[in-house]
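Good morning, colleagues. Please look at the sequence and the structure on the screen before I begin.

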Amino acid sequence: MPTSDYNRIEQAIQFLEANFRQQPALRDVAASAGLSEYHFQRMFRRWAGVSPKRFLQFLTVDYSKGKLREGRSLLDTTYAAGLSSTGRLHDLFVATVAVTPGQYKDRGTGLTITHGFHDTPFGKCLIAITDKGISNLEFVGEEDQAHAVRRLESKWRSALIREDQAATQAMISRVFHSPSVEQSALPLHVHGTNFQIKVWEALLKIPCGDLASYHDVAKAIGHPTADRAVATAVARNPIAFLIPCHRVIRKSGAVGGYRWGTARKKALLAWEAARTG
């Protein structure tokens with residue numbers, strides 16, 4: 001689905017969030033996205049796999065609070081299940097490989113990083129890959145593409161960085177569009193401190209459709225009083241979607257912020273919930 005379609009979906013999500021108590025009619029939601037009822041219904045079903053009416057229940061803070069009140073297994077029990085979970089998108093197994101200490105210190109010496117911009121179900125993204133796997137994935141607006149490349153270059157100052165849309169297309173297709181559950185591992189080549197990497201690995205253990213609080217993550221990595229440090233590490237996650245920082249919420253049940261926008265966070269959560277609920 002083109003990015004312009006996702007932008008309309010995001011507008012509709014923001015409208016629904018602001019007006020869910022009135023249970024708006026389809027025509028009102030469609031109008032908020034600048035579409036007829038017929039075209040909006042088709043676009044929404046194509047994106048979410050469910051009707052806008054069905055989707056509405058997943059867009060409120062009550063969804064997050066309800067998940068916590070249910071006492072469903074969060075990180076404590078999912079640790080025993082390993083990195084793969086029944087509800088995970090495409091049942092893909094995601095493997096994490098950290099940069100070597102030398103590469104971390106020197107910001108990527110000896111690495112070649114290839115990047116490209118692509119449309120996804122959640123808007124345009126920048127993906128960057130090394131010979132070991134995905135090093136960066138972030139959602140960007142059209143006006144932010146140059147800034148995204150500069151952030152990549154700043155983070156990996158000593159690496160050789162080049163753009164090659166064709167080379168990154170195959171990986172982006174595996175991330176968002178592969179219909180097969182027989183995929184091999186999607187490797188992640190991450191750049192971070194030991195603490196950050198422990199946090200990001202813990203995020204991988206939150207099943208699709210479930211949520212965890214920052215405190216849950218802190219407990220899971222053996223630092224139960226490090227909620228604030230965990231929140232900082234979550235905010236610095238370099239690989240959106242695959243390392244699911246969007247599944248981490250506040251202990252109160254509020255959805256909280258998101259590096260790539262709270263509307264997109266809610267879209268991700270609702271999209272996953274629609275597939276697992």
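Two strands are said to pair if DSSP finds at least two bridges between them. With that in mind, I turn to a predicted model, in which strand 2 and strand 5, residues 160-163, pair in the parallel sense over four bridges. Within this pairing, Ile113 stands opposite Ile161 of strand 5.

Strand 2 also has a second partner. It is joined to strand 3 by seven bridges, and these two strands run antiparallel. Here His118 stands opposite Cys125 in strand 3. The connection between strand 2 and strand 3 is a hairpin of two residues. How many of the nine residues of strand 2 are buried? The count is seven, so strand 2 is mostly covered, where buried means under 20% relative accessible area.

Let me now give the overall setting. The protein chain contains 13 helices and eight strands. Of its 277 residues, 52% are buried. Among contacts in the protein chain with a separation of 6 or more, 67% are between residues 24 or more positions apart.

I shall take two helices in turn, beginning with helix 1, residues 3-19. Its 17 residues should span 24 Å at 1.5 Å a residue, and the end C-alpha atoms are indeed 24 Å apart, which agrees. The buried residues in helix 1 are Thr3, Asp5, Tyr6, Ile9, Ala12, Ile13 and Leu16. Viewed down the axis of helix 1, these buried residues fall within an arc of 165°, so they line one face of the helix. The general background is that an α-helix has 3.6 residues a turn, so residues three or four places apart point the same way. What covers the buried residues of helix 1? The covering elements include helix 2 (26-32), helix 3 (37-48), helix 4 (52-56), strand 2, strand 3 and helix 13.

Helix 9, residues 165-176, may be treated in a similar manner. For its twelve residues, 1.5 Å a residue gives an expected span of 16 Å, and the end C-alpha atoms are 16 Å apart, which agrees. Thr168, Met171, Ile172, Val175 and Phe176 are buried in this helix. Down the axis of helix 9, the buried residues fall within an arc of 120°, so they too line one face of their helix. On the other side of helix 9, Ala166 and Ala170 are exposed. Against which strands do the buried residues of helix 9 pack? They pack against strand 2, strand 3, strand 4 (133-139) and strand 6 (186-190).

My next topic is the aromatic residues. The structure holds 14 aromatic pairs. One of them is formed by Phe122 and Trp271, which are edge-to-face, at 5.2 Å centre to centre and with 85° between the planes. Phe122 lies in the loop between strand 2 (112-120) and strand 3 (123-130), whereas Trp271 lies in helix 13 (residues 262-276), so the pair ties together parts that are 149 residues apart in sequence. Both residues are covered: Phe122 is buried with a relative accessible area of 0%, and Trp271 is buried with 8%.

This pair belongs to a wider arrangement. Ring pairs link Phe122 and Trp271 into a cluster that also includes Tyr6, Phe40, Phe44, Trp47 and Phe55. Phe139, Phe176, Phe241, Tyr258 and Trp260 belong to the cluster as well. Tyr6 is among the buried residues of helix 1, and Phe176 is among those of helix 9.

Phe241 deserves a separate remark. Although it is not a glycine, Phe241 has a positive phi of about 70°. It is placed in the loop between helix 12 (227-235) and strand 8 (248-249). Phe241 is buried, with a relative accessible area of 4%.

A second loop residue to inspect is Val140, between strand 4 and helix 8 (145-155). At 6% relative accessibility, Val140 counts as buried. Its C-alpha atom is separated by 6.8 Å from that of Leu126, which is 14 residues apart from it along the chain. Leaving aside neighbours within four places in sequence, Val140 is in contact with Phe117, Lys124, Cys125, Leu126, Gln145 and Ala148.

Finally, I come to the cysteines. How many disulfides does a search of the whole structure find? The search finds zero. Cys208 is buried, with a relative accessible area of 11%, and Cys245 is buried, with a relative accessible area of 5%.

Thank you for your attention.

Terms used
Residues numbered from 1 in each chain as written. Predicted model: local features only at pLDDT ≥ 70, side-chain atom pairs only at ≥ 80, totals over all residues. Heavy atoms only, no water. Disulfide = S-S within 2.5 Å. Buried < 20%, exposed > 50% of the residue type's maximum accessible area, 1.4 Å probe, protein only. Phe/Tyr/Trp six-rings, centres within 6.5 Å; stacked < 30°, edge-to-face > 60°. Expected span 1.5 Å × (residues − 1). Arc of directions from axis to C-beta. Contact = heavy atoms within 4.5 Å.
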